[in-house]
Amino acid sequence: MERFEGGRKNAEIATALRVSVRSVERWHRAWRELGEAGVLSKGSPGRPRLGEVQVAWLERELERGPLAHGWADQRWTPARIKTLIGRLFHVSSTVEGTWRLLKQRRWSWQQPARRAIERDDDAVEVWRKETWPRVRAPRRSAGPGSSSRTRPGSR
């Protein structure tokens, strides 16, 4: 606003603020039409936030479990919670944004309270020692490689 009031050119302001001239023109028009209120920040256009009432509602829905919302098992994943938020509040979010919300509310990933009765620790240990080394991808050699499809070093 000070620069507009000082009569500086839009291109000069754009260079000083490292923004496009079109942005400065838009700000200048808003300043002329609405004054200071026209150029105040409206906040980030991304990451719509849920209010406390919506978060409380979401918590109640999460407590009902995934089965109540149409999933075949009892696992809440960030992707499923993102979908649920979209269904309940008609708000689009990202999986990362959903995970951030979960962490802010001190929610954590789900872990079984106990091990499965059917678990056979001896069989797991045999698989880990005998089968896994055979199926694991071998390490590449430390020698120089090639990006050529015709050279054997690139295979």
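Here are a few questions and answers on the cores and ring pairs of this predicted model.

Q: Why is the pair of phenylalanine 4 and tryptophan 31 called tilted?
A: Ring centres within 6.5 Å make a pair, and planes that are neither under 30 degrees nor over 60 apart count as tilted. Here the centres are 5.4 Å apart and the planes are at 35°, so the pair is tilted.

Q: What makes this pair a tie between parts of the chain?
A: Phenylalanine 4 belongs to helix α1 (residues 2-5) and tryptophan 31 to helix α3 (residues 21-34), so the pair joins parts 27 residues apart in sequence.

Q: Why are tryptophan 57 and phenylalanine 89 called edge-to-face?
A: The cut-off for that label is planes over 60 degrees apart. These rings have planes at 85° and centres 5.1 Å apart, so the label fits. Tryptophan 57 sits in helix α5 and phenylalanine 89 in helix α6, so the pair links parts 32 residues apart in sequence.

Q: How do you know whether phenylalanine 89 is buried or exposed?
A: Buried means under 20% relative accessible area. Phenylalanine 89 has 10% relative accessibility, so it counts as buried.

Q: Why is tryptophan 57 called partly exposed?
A: That class lies between 20% and 50%. Tryptophan 57 has a relative accessible area of 35%, so it falls there.

Q: Which residues have the most contacts inside the largest nonpolar core?
A: They are Leu50, Leu58, Ile85 and Phe89, in a core of 14 residues. Helix α6 gives the largest share, 5 residues. Among the residues that leucine 58 touches are Leu84, Leu101 and Trp107.

Terms used. Residues are numbered from 1 along each chain as its sequence is written. This is a predicted model: local features need pLDDT of at least 70, side-chain atom pairs count only at pLDDT 80 or more; totals for chains, interfaces and linings use all residues. Side-chain values use heavy atoms; hydrogens and water are left out. A nonpolar core is a set of buried Ala, Val, Leu, Ile, Met, Phe, Trp, Tyr and Cys residues joined through side-chain atoms within 4.5 Å. Buried means under 20% relative accessible area, exposed over 50%, partly exposed in between (1.4 Å probe, protein chains only). Helices (H or I, at least four residues) and strands (E, at least two) are DSSP runs, numbered from the N terminus. Contact means heavy atoms within 4.5 Å. Rings of Phe, Tyr and Trp (its six-membered ring) pair if their centres lie within 6.5 Å; planes under 30 degrees apart count as stacked, over 60 as edge-to-face and the rest as tilted. Lists of a residue's contacts leave out its neighbours within four places in sequence.
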